[in-house]
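Q: I'm new to this one and would rather understand one part well than skim the whole thing. Please pick a spot, take me through it closely, and explain the terms as you go.

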Amino acid sequence: MTPHANTHPGAIGRWRTLPSAGRRAAVSLIVMLLAWELIAHSPRLFGFEVPYLGVLPAPSAVIGEWVMLLGDAHYWGSWYLSFTRVFAGFISALLLGVPLGLWFAISPTMRNLFFPVFEMLRPVPPIAWVPAAIIFWPTQELSIISVIFLGAFYTITLNTYNGGRRVDLAIIQSARSMGASRSNIFRRIVLPGTLPSIVAGAAIGMGITWEVVVAAELISGGNGGGGGGLGLFMWDAYLAGNHEQILVGMLSIGLAGYFSSGLLRRFGGLLTPWLSRN
Amino acid sequence: MTNHVETQDASVAGEATRGFTEILALYHGFGRGAQRIEVIENCEFKLKPGKLTVMIGPSGCGKSTLAKLLAGYLHPDEGSLLIDGRHIAGPGKDRLMVFQESALFPWMVNEENALYGLLASGQVGAGARQRVTALMDRVGLGRFRHKYPGALSGGMQRRLEMVRALVNEPALFILDEPFRGLDAMTRTLMQEHFAQMFEEGRRTALFITTDIDEALLLADEILVMSSRPMKVTRRITVDVPRPRTVAGMIKDERMKHIKVAVTKALYSEAIKAFDGSSRAVAAAGFEKFLDTTQ
């Protein structure tokens, strides 16, 4: 309640009303950008180039390039392509991973039969599937999506399975003793009990899909058909020697991942209202 | 408000004839070969319909195992368990268990939690909803009907479980140390609540505890259990009218007698857990305790 903040609701007043976490984030971002700008201009400012980092384009140049790209249909087309691929791969991972994880959780037979195979395939990185995916799938698009699918699938399945097994036995027994049928216990007890783990698995899986989409596009993209996407956008920028655009591509992917995870968290929160503070 | 509930409960008072429970020549154990532990050996008793039977015994003696056998979660090695003449073959609606730890469903609002059993078996009507509302008001949970159990304190969660158990109208209540872990004040309040709710609609109940005062406050009949392998060592009738209070129990001659009897029976079992010199020390301490009660 400083009189200053009241009489002059200017920039400083607004700054003071920000929560401390927001202020710290802003400080860290500004300091980082300033340091980066200085390093990028080091030959002119200090007479020598800071090793390695000195070759980076300056943030001002990157932002300038970005602003220019905002009106570029090709840039937004890349966003669109990557988003649809991530969406397709992620949704199919969710649709297959959740039921499989639940099945592992409730059926020992299923677990004994298929879990060893699952665990053997899991350590194979999604990127290592790229050559096989190209050979196996008829179109390049399907190969890319299948690799993205694998990125999220194992995490979602495993989280669902672990969550399902951790549903409190006392809770299940109590439902049984109230005369609930097996299917009712599955729908009203096991499923909601597993939901927090499914949401957590989906959030981690979503992060992995954005790690994988770029690599999948880099490797199988190009040559016209089925290319495009933010990954290929970066690769093209690299081939053209446009360093600013490489950074724009990197930052775009970071933003895309941030938005997708934020959206997923919001949606997950709506699905599990009992976890938020009442 | 209280009147309203009492008239509702009076309508089910006729159910006191349900829940006649017989435990016959029961044996149960865990493990095989050298690892084998006999938990229950030749255990026999009956629960009278409409009576609150309290089972008390040293901790780890097998009371919870017996509760699980009654609930149908476990199958006995030998012997039989019958409710109203029918064999217990698995979990069923005629028995309801309230556990040591909370078994509320965190993802259902409190009202839904109380109604779940009826909803799951498609028996929920306007009457059941009214009854839940009245019972929740009655135990001070009226404001929390549409909140999640996570918003309730430990004592409130226990009360909600009591409401849930009552609404399901089982023939037999099995309560396995339901007030364990509550602070002393909340525990006393819960005991009073429970005794009052039991009086309002008498149903056959088996209440398991390790606390002598709790047993004396609640019981129509006390079963003192032996240490493992468990069986009934004494059966004591508590023919003192409710409501009872801890303060009243100190003055009441009959209660003092019963307390000494239960303590003695329990002591001779608990002392088996001590060996050698520690047994002598425990025995001396017990003699001193008896002096203060008599």
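A: An axis here is a line fitted to C-alpha atoms, for helices over the stretch in contact, and angles run from 0 to 180 degrees between N-to-C directions. Helices (H or I, at least four residues) and strands (E, at least two) are DSSP runs, numbered from the N terminus. This is a predicted model, where local features need pLDDT of at least 70 and side-chain atom pairs count only at pLDDT 80 or more, while totals for chains, interfaces and linings use all residues. Residues are numbered from 1 along each chain as its sequence is written, and chains are lettered from A and ligands numbered from 1 in the order in which they are written.

Now to the spot: a helix pair in chain A. Helix 6 (residues 73-106) and helix 13 (residues 243-271) of chain A have axes that come within 12 Å and cross at roughly 40 degrees. That makes helix 6 of chain A oblique to helix 13 of chain A (under 35 degrees counts as roughly parallel, over 145 as roughly antiparallel, 65 to 115 as roughly perpendicular, and the rest as oblique). The crossing of these two helices of chain A is right-handed: the near helix is turned clockwise from the far one by less than a right angle, whereas anticlockwise would be left-handed.

Who meets whom? From helix 6 of chain A come A:Trp79, A:Ser82, A:Phe83 and A:Val86, and they meet A:Ser252, A:Ala256 and A:Ser260 in helix 13 of chain A; contact means C-beta atoms, placed from the backbone, within 7 Å. By class, this helix contact has four nonpolar, three polar and no charged residues (Ala, Val, Leu, Ile, Met, Phe, Trp, Tyr, Cys and Pro are nonpolar, Asp, Glu, Lys and Arg charged, and the others, Gly among them, polar).

Stepping back a little, chain A is divided into domain 1 (3-56) and domain 2 (65-275), with bounds from an automatic or database domain assignment. The centres of those two domains of chain A, taken over C-alpha atoms, are 35 Å apart.

Chain A also touches chain B, in a contact that takes 15 residues from chain A and 23 residues from chain B. On the chain B side, strand 6 and helix 3 (110-120) each supply at least two residues. That side of chain B divides into 14 nonpolar, five polar and four charged residues.

Terms used: Contact = placed C-beta atoms within 7 Å.
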